[in-house]
Amino acid sequence: MSIFTPTNQIRLTNVAVVRMKRAGKRFEIACYKNKVVGWRSGVEKDLDEVLQTHSVFVNVSKGQVAKKEDLVSAFGTDDQTEICKQILTKGEVQVSDKERHTQLEQMFRDIATIVADKCVNPETKRPYTVILIERAMKDIHYSVKANKSTKQQALEVIKQLKANMKIERAHMRLRFVLPVGEGKKLKEKLKPLIKVIETEDYGQQLEIVCLIDPGCFREIDEMIKKETKGKGTLEVLNLKDVEEGDETLE
Amino acid sequence: MVLSSLDKMIQLQRNTANIRNICVLAHVDHGSEEYLINLIDSPGHVDFSSEVSTAVRICDGCIIVVDAVEGVCPQTQAVLRQAWLENIRPVLVINKLDRLIVELKFTPQEAYSHLKNILEQINALTGTLFTSKVLEERAERDTDCQVNPSSEQGEQVYDWSSGLENTDDSHLYFSPDQGNVVFTSAIDGWGFGIEHFAKIYSQKIGIKKEVLLKTLWGDYYINMKAKKIMKVDQAKGKKPLFVQLILENIWSLYDAVLKKDKEKIDKIVTSLGLKIGAREARHSDPKVQINAICSQWLPISHAVLAMVCQKLPSPLDITAERVERLMCAGSQMFDSLPPETQALKAAFMNCGSEDTAPVIIFVSKMFAVDAKALPQNKPRPLTQEEIAQRRERARQRHAEKLMVAAVQVAVEPTQDGSALETKPKVESRGGEQQAESMAPKAVPEGENKEECFIAFARVFSGVAQRGKKMFVLGPKYSPVEFLNRVPLGFSTPADELPPVPHMACCALENLYLLMGRELEELEEVPPGNVLGIGGLQDFVLKSATLCSSPSCPPFIPLNFEATPIVRVAVEPKHPSEMPQLVKGMKLLNQADPCVQILIQETGEHVLVTAGEVHLQRCLDDLKERFAKIQISVSEPIIPFRETITKPPKVDMVNEEIGKQQKVAVIHQTKEDQSKIPEGIQVDPDGQITISTPNKLATLSVRAMPLPEEVTQILEENSDLIRSIEQFTSSLNEGRNTQVIHQKTQEKIWEFKGKLEQHLTGRKWRNIVDQIWSFGPRKCGPNILVNKSEDFQNSVWPGPVSKASKETTKYRDLGNSIVSGFQLATLSGPMCEEPLMGVCFVLEKWDLSKFDDQGGSDKQNQEQSILGKEVQKAGEKHSSGAESQELQDGCPERFEKHTAQKGETSLSDCYGPLSGQLIATMKEACRYALHVKPQRLMAAMYTCDIMATGDVLGRVYAVLSKREGRVLQEEMKEGTDMFIIKAVLPVAESFGFADEIRKRTSGLASPQLVFSHWEIIPSDPFWVPTTEEEYLHFGEKADSENQARKYMNAVRKRKGLCVEEKIVEHAEKQRTLSKNK
């Protein structure tokens, strides 16, 4: 009879291990699955719902409990519950399936919300709904990266979506007031960055109201500062140029 | 009309053609005269009552069909009401009498009392309609009297009668002896009015027909011996005439056939003098036999159409009352219309077909037709001979085994079988003008549109001729305006007229005769007829009045019994198909009289329909006809607002706060402190002090709830605020070119005065003058107030203060503060929804240390905090920056660079200062909100429900289940209807209309209109803290927190983190993976 027949092979189910290295020793605690992240974010407040047992292990799967003197030398205390709390907040966690799933889903939603917030349909100047963006993201098989910020990924998604549908970042409306002397020269330089020039007014100063892609804002800003030696001004009239209000279709 | 189940409706609607108002033209011989009847069938379901509305407008009379078993249903009420409102004459058909015999197994006596009951119910309904109208008129008269006190006083005082006594209403009611009721069984093909039997029996028994007509319906019996008709004495158990002479005969026939009593059948057949075909007689199914016998004995078509011919008015008999009603929209009196318009009344009444008569056409709806179905697009055989030829050819070909060709031709005649039957008749009899003009034209049109819109219309006066120029009058057109603009007796051609709003000019391109699904081209249409007009889709949206004279008023808008109420968001399955969807929705909007389409600010396309069944049909139409794409339907996104309130005085169990022992170790308000990170100071009165990341500037902000009235004023005046904002910003730029208009100026002061009036009290002193900005988007219902002493800036236009160097700098950085405020108000901390009714006060903000580059003492900062005023903490960042003075490229966002010495490099590792200020201001606002009791505001609908008294309880149940609140309830005078006014959160309204209809079996119909924002009283972050609360709500207390429910739903939708456990109970989760 083999030693690894299914009957005497005990599998750990419903256990998530949190590990921590302290004073050259490895300590582990046995927790329930899908609960550690909740504890860390403060949603779960009942410690007994997180910990399987309050004892600290050296190896959970083998059931080796940590020695008391090791605990004292590493944590300065032998209160197992206290140590468990420390390990819970600072140790390295195995992220369980459901936790990972919800996290990715949340990020996916977040990305879609950001995209929907930043973009419009260039034909109607109306935003797309989040649901539509989500579906489009699924259509292009976008996979969320857990270690990148959602905003960064949203910008990436916009780029990819452009190939599939009519989508564009909502334009920013700016007003420049430029001194006449440098104005003309500067205007030529700014031209490739500007999408639409709405008004142009040559008075005592050159005044331009225009729409730009929000991505170019910094560039334009810097250019104006540099070229006019601080004489030109730049004012944001509207962060995103979107149709407002409801409209009845007729 | 009355269908027994919804399932059947849905099944029926699969075929879209079955649902439309089909207009079938029939030609009837009645006596010596010939009639043309335009029959328009309309669906009975409440959701489609709009179809009834469109049909009723262009009709002169209507046939109301009632199920003999089910009796009066809600739909019947609705239909009767509509007929009443449009002032058209109804006749009644009581159908499905066979069910009384076969299914319910009634005796003739029982059936008689049942029918009598139904008739009484219907007459009662008519009666209530009548009384309510009389009472209304009386009320109007009363108000008139009050307006003119000069009218005779005495009459008014003594007139206690309700007016009902004087008004004769006998002609309104349905009664078989008046000839406006027939009894039918359409499935078995029989039907009769009592006139038919009166004729027969007057010969048989020898009693006068007139007497029989009066007595056949009602409690009379016949004394056979004396040949006398007597009043029934109930005790003697005598049978009424109707039972004895009519019902019993029918019953015995059914009895015989169902029992397969061959002899008896033969006897009946021969006694009735009928001839039954051998095939029918031998048929094993009794239904076939009954049908064969009855359709000869009492043909249904004859009974019904005879009644129609006799009782319903012709277009010539249009009543003056109806004409006036049609021409006067709203409360306008007919007398107040211009004389030219009044003159048109005569034309209506005349209904003349002379050339001089003005042409008046009303388009009641537009319907979409496949372009291929238009007669000019399909060359098809029309005469009998041609069809015969084709058939002949087909037969030959069939004989030659040319299968393919044969199929194609054979299919065609069967498709338009109905048309084939009717048309030759019309042509051969030639009673109507249509006959000669029916020559088809096989003109294939170049344009290949898939859907064509045909206007469903009726000529009220004059002759509609092809190519005639007409004025298209929209519902809002006013003839008075036209007459003002155009001199009297104008003679210019229509094209050169000055533009008048809601009026267009077009030519009648194509005129069609509507024959079921088939269209026949016509050259002209005489008055009183129903027709289809092609080529109007660019001029007419849903309904319109066409007239050859511009002095005609548009007809009053159609009365829709059901208003659109079910809202859903529609999206294409594939995002790239958006344009098709929009185009399809536009077409749908034109094709359906009772649908609304909105594009919301969120980018959602919202479809508003009358009910679930209507919605289903609209979606099907969209998918299969108009857009031809896959679409997905979802609940529309529900907006919320965030706000703060005054701290509550009592807790959730109505105990005074502060007196109770705090219990519950778990529920200590631990979070309140931990939520706010270090570096932010919170005063007990809710003032937040925060510095920018580079510690150069410090802000202190406080949030206060605005009084409700102020929020309302701000909401109403958002346009005004926007213009103020524009003006001030241009002023700040130093351009005084723009001058405010006098009127706007007045409005602004009025607005300011109103604000001052409502913002009273110590807290709000002088605050109106210190308003700096509104938000979000610079015009919303939130206020930023500037209370810092050394820097004044107000939104109100006025004399520009001389901008010293100091203030210029403040102003420029001030823009960043405003931007931060705008961002904060655009998305609140609870669920990133806009704020509403919050006032942020910038208590202190001071950049004086900015100039003292050398002074880098932190004490200054601390001092200022202690002194409850935050000075600007001008901590110099690095000595390196000092030496690098006069740097040119200061990458500040909003700052006007004056190239001053004092301004050195403001950029550091945290980015430009202005950017930091925006972020800091935003954070400050957020935390300021955090320390106040936050609340969610829900959008509310006002909901008007009409319901009968007996379903009132169920209406209330539905309302309270959906968190609605009843505001008032009153009885409608003269009826048994109650009008309930309630408010209902928009978030709970999805499926509300459907539920209320289901629960009340359609007797209550709600109408929802967005009204206002309302604070949800419960705190979304509330947890029980006192012992009582703990006892009352339990440990979790998440059961009935409406606000938290909404907040979490929104957060989840937006992908924000929600305080929700992934797994509730750690022990109870499924742990084995699938492959073990």
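## A buried phenylalanine in chain B

B:Phe751 counts as buried because its relative accessibility is 2%, under the 20% cut-off for that class. In this predicted model, B:Phe751 sits in helix H25 of chain B, a helix that covers residues 742-758. If you would like a partner to look at from there, try B:Ile721: the two residues are 30 apart in sequence, while their C-alpha atoms lie 9.3 Å from each other.

## How confident the prediction is

Let us turn to the scores. For the model, ipTM is 0.80 and pTM is 0.68. Chain B has a mean pLDDT of 71, with 67% of its residues at 70 or more.

Two stretches of chain B deserve a mention here. Across residues 149-160 of chain B the pLDDT stays under 50, and the model gives this stretch 3 contacts beyond four places in sequence. Residues 488-495 of chain B also have pLDDT below 50; in their case the model has 8 contacts beyond near neighbours in sequence.

## The two chains in outline

Chain A has 250 residues, and 46% of them are buried. Its secondary structure consists of 8 helices and 12 strands. Take the contacts in chain A with a separation of 6 or more: 64% of them come from residues 24 or more positions apart. The area that chain A exposes is about 13300 Å², of which carbon and sulfur atoms supply 49%.

Chain B has 1076 residues, 49% of them buried. Here there are 33 helices and 33 strands. Of the contacts in chain B between residues at least 6 apart in sequence, 75% link residues at least 24 apart. Chain B exposes about 52300 Å², and 51% of that area is supplied by carbon and sulfur atoms.

## Buried positions in chain A

Where does A:Met137 lie? This residue belongs to helix H5 of chain A, and the helix spans residues 130-139. With a relative accessibility of 0%, A:Met137 counts as buried. Setting aside neighbours within four places in sequence, A:Met137 touches A:Phe108, A:Ile111 and A:Ala112, along with A:Tyr142, A:Val157 and A:Leu161. A:Gln160 can serve as a further reference point: it is 23 residues from A:Met137 along the chain, and 8.9 Å separates their C-alpha atoms.

A:Val177 offers a buried position in a strand, namely S8 of chain A, which runs over residues 172-179. Its relative accessibility is 10%, so A:Val177 counts as buried, given the 20% limit. A:Ile224 is 47 residues away from A:Val177 in sequence, and the C-alpha to C-alpha distance between the two is 9.8 Å.

## Helices packing across the chains

Now for a place where chain A and chain B meet. Helix H4 of chain A (residues 97-118) packs with helix H33 of chain B (residues 1042-1054). Their axes are 7 Å apart, at an angle of about 80 degrees. H4(A) is therefore roughly perpendicular to H33(B), a label that covers angles from 65 to 115 degrees.

Which residues make the contact? From H4(A) they are A:Arg109, A:Asp110 and A:Thr113, and from H33(B) they are B:Lys1052, B:Arg1053 and B:Lys1054. Sorted by class, the contact of H4(A) with H33(B) has 5 charged residues, 1 polar residue and no nonpolar ones.

## Positive phi in two loops

Backbone angles give two more spots to visit. A:His141 has a positive phi, near 55 degrees, and is not a glycine. Its place is the loop of chain A between helix H5 (130-139) and helix H6 (150-162). Is A:His141 buried or exposed? Its relative accessibility is 69%, so A:His141 counts as exposed, the cut-off being over 50%.

In chain B, B:Lys105 is a residue other than glycine with a positive phi of about 55 degrees. B:Lys105 is located in the loop between helix H4 (97-102) and helix H5 (108-147) of chain B. This lysine counts as exposed because its relative accessibility is 62%.

Methods: Residues are numbered from 1 along each chain as its sequence is written. Chains are lettered from A and ligands numbered from 1 in the order in which they are written. This is a predicted model: local features need pLDDT of at least 70, side-chain atom pairs count only at pLDDT 80 or more; totals for chains, interfaces and linings use all residues. Side-chain values use heavy atoms; hydrogens and water are left out. pLDDT is the predictor's confidence in each residue, from 0 to 100. Contact means heavy atoms within 4.5 Å. Helices (H or I, at least four residues) and strands (E, at least two) are DSSP runs, numbered from the N terminus. Buried means under 20% relative accessible area, exposed over 50%, partly exposed in between (1.4 Å probe, protein chains only). Accessible areas come from the Shrake-Rupley method with a 1.4 Å probe; for residues, only the protein chains shown count as cover. Axes are lines fitted to C-alpha atoms, for helices over the stretch in contact, and angles run from 0 to 180 degrees between N-to-C directions. Angles under 35 degrees count as roughly parallel, over 145 as roughly antiparallel, 65 to 115 as roughly perpendicular and the rest as oblique. Ala, Val, Leu, Ile, Met, Phe, Trp, Tyr, Cys and Pro count as nonpolar, Asp, Glu, Lys and Arg as charged, and the others, Gly among them, as polar.
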